[in-house]
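Q: Please give a close account of one packing contact in this model, and then place that contact in the context of the whole chain. A formal, residue-level description would be preferred.

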Amino acid sequence: MKKTIRTYINTLLLFLIPFVVISLILAILSYFMQTNSFVVNMIIQVISYLLLIVSALYFTSQISEKRLSHCLCFTLIYFLISLLIHLGNIHYLHLFMKSLLFIFIGIFKEIRTRKIA
């Protein structure tokens, strides 16, 4: 149980800390360089999807039992945290796509481990 909770926390930190740092750097650069906000938002979205894939792979490799139920639980936690963080500027499509991506990675890893074992 302790290892599972530690995995949840590490996965959230693995996703959120680099995302916040990169967003801060891009915000500072866009302020001084006067870049288009659309370009900055696209870069942030691409980086967030990449970080989500890395954190989902980490999460699914650390959890070995009941992987799909843990993926659903973590997806719900991630969705609620993202919803609370983005209250002023909500993109529902991205929230649902990131949640589905996390679940698909969990399903893929579950199928892969069943074929290998």
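**The contact between helix 2 and helix 3**

A: Helix 2 and helix 3 cross in a right-handed sense. The model is a predicted one, and the values that follow are computed from it. The two helices pack at an angle of about 140°, and their axes lie 11 Å apart. Angles over 145 degrees would count as roughly antiparallel and those from 65 to 115 as roughly perpendicular; helix 2 and helix 3 are therefore oblique to each other. On the side of helix 2, the contact is made by Leu52, Phe59 and Thr60, and on the side of helix 3 by Arg67, His70, Cys71, Phe74 and Tyr78.

Thr60 merits separate attention. This residue of helix 2 has a relative accessible area of 0% and is therefore buried. Its side chain reaches the backbone oxygen of Ala56 at 2.9 Å. With neighbours within four places in sequence left aside, Thr60 is in contact with Arg67, Cys71, Ile105, Gly106 and Lys109. Of these partners, Arg67 and Cys71 are among the residues through which helix 3 meets helix 2, while Ile105, Gly106 and Lys109 fall within helix 4, which spans 92-116.

Phe102, also within the span of helix 4, touches several of the residues already named. Not counting residues up to four places away in sequence, Phe102 touches Leu52, Ser55, Ala56, Phe59, Cys71, Phe74 and Thr75. Leu52 and Phe59 of helix 2, together with Cys71 and Phe74 of helix 3, also take part in the contact between those two helices.

These side chains lead to the largest nonpolar core. The core has 17 residues, of which Phe15, Ile44, Leu52, Phe59, Phe74, Tyr78 and Phe102 touch the most other members. Two or more residues of the core come from each of helix 1 (2-33), helix 2 (37-62), helix 3 (67-85) and helix 4 (92-116). Helix 2 supplies the largest share, six residues.

Helix 2 also contains Ser48, a polar residue to set beside Thr60. Ser48 has a relative accessibility of 1% and so counts as buried. The side chain of Ser48 reaches the backbone oxygen of Gln45 at 2.8 Å. Apart from neighbours within four places in sequence, Ser48 is in contact with Phe15, Phe19 and Lys98. Phe15, one of these partners, is among the core residues that touch the most other members.

Phe15 also belongs to a second contact of helix 3, this time with helix 1. The axes of helix 1 and helix 3 come within 12 Å and cross at roughly 45°. Helix 1 and helix 3 are therefore oblique to each other as well, and their crossing is right-handed. Helix 1 contributes Thr4, Tyr8, Thr11, Leu12 and Phe15 to the contact, whereas helix 3 contributes His70, Cys73, Phe74, Ile77, Tyr78 and Ile81. His70, Phe74 and Tyr78 thus appear here and also in the contact with helix 2.

The loops on either side of helix 3 complete the local picture. Lys66 is found in the loop between helix 2 and helix 3. Its relative accessible area is 67%, so Lys66 is exposed. Phi of Lys66 is near 50°, a positive value in a residue other than glycine. Most residues other than glycine have a negative phi. In the loop between helix 3 and helix 4 lies Ile90, which counts as partly exposed because its relative accessibility is 25%. Leaving aside neighbours within four places in sequence, Ile90 is in contact with Leu83 and Leu95. Its C-alpha atom is separated by 33 Å from that of Lys2, with the two positions 88 residues apart along the chain.

At the level of the whole protein, there are four helices and zero strands, in the sequence pattern α-α-α-α. The C-alpha atoms fill a box of roughly 55 × 30 × 20 Å along the principal axes. Of the 117 residues, 30% count as buried. Among contacts with a separation of 6 or more, 78% are made by residues 24 or more positions apart.

Key: Residues numbered from 1 in each chain as written. Predicted model: local features only at pLDDT ≥ 70, side-chain atom pairs only at ≥ 80, totals over all residues. Heavy atoms only, no water. Core = buried A, V, L, I, M, F, W, Y, C linked by side-chain atoms within 4.5 Å. Buried < 20%, exposed > 50% of the residue type's maximum accessible area, 1.4 Å probe, protein only. Contact = heavy atoms within 4.5 Å. Polar contact = N/O pair within 3.5 Å; in protein donor to acceptor, adjacent residues only side chain to side chain. Axes fitted to C-alpha atoms, helices over the stretch in contact; angles between N-to-C directions. Parallel < 35°, antiparallel > 145°, perpendicular 65-115°, else oblique. Left-handed = near helix turned anticlockwise from the far one by under 90°.
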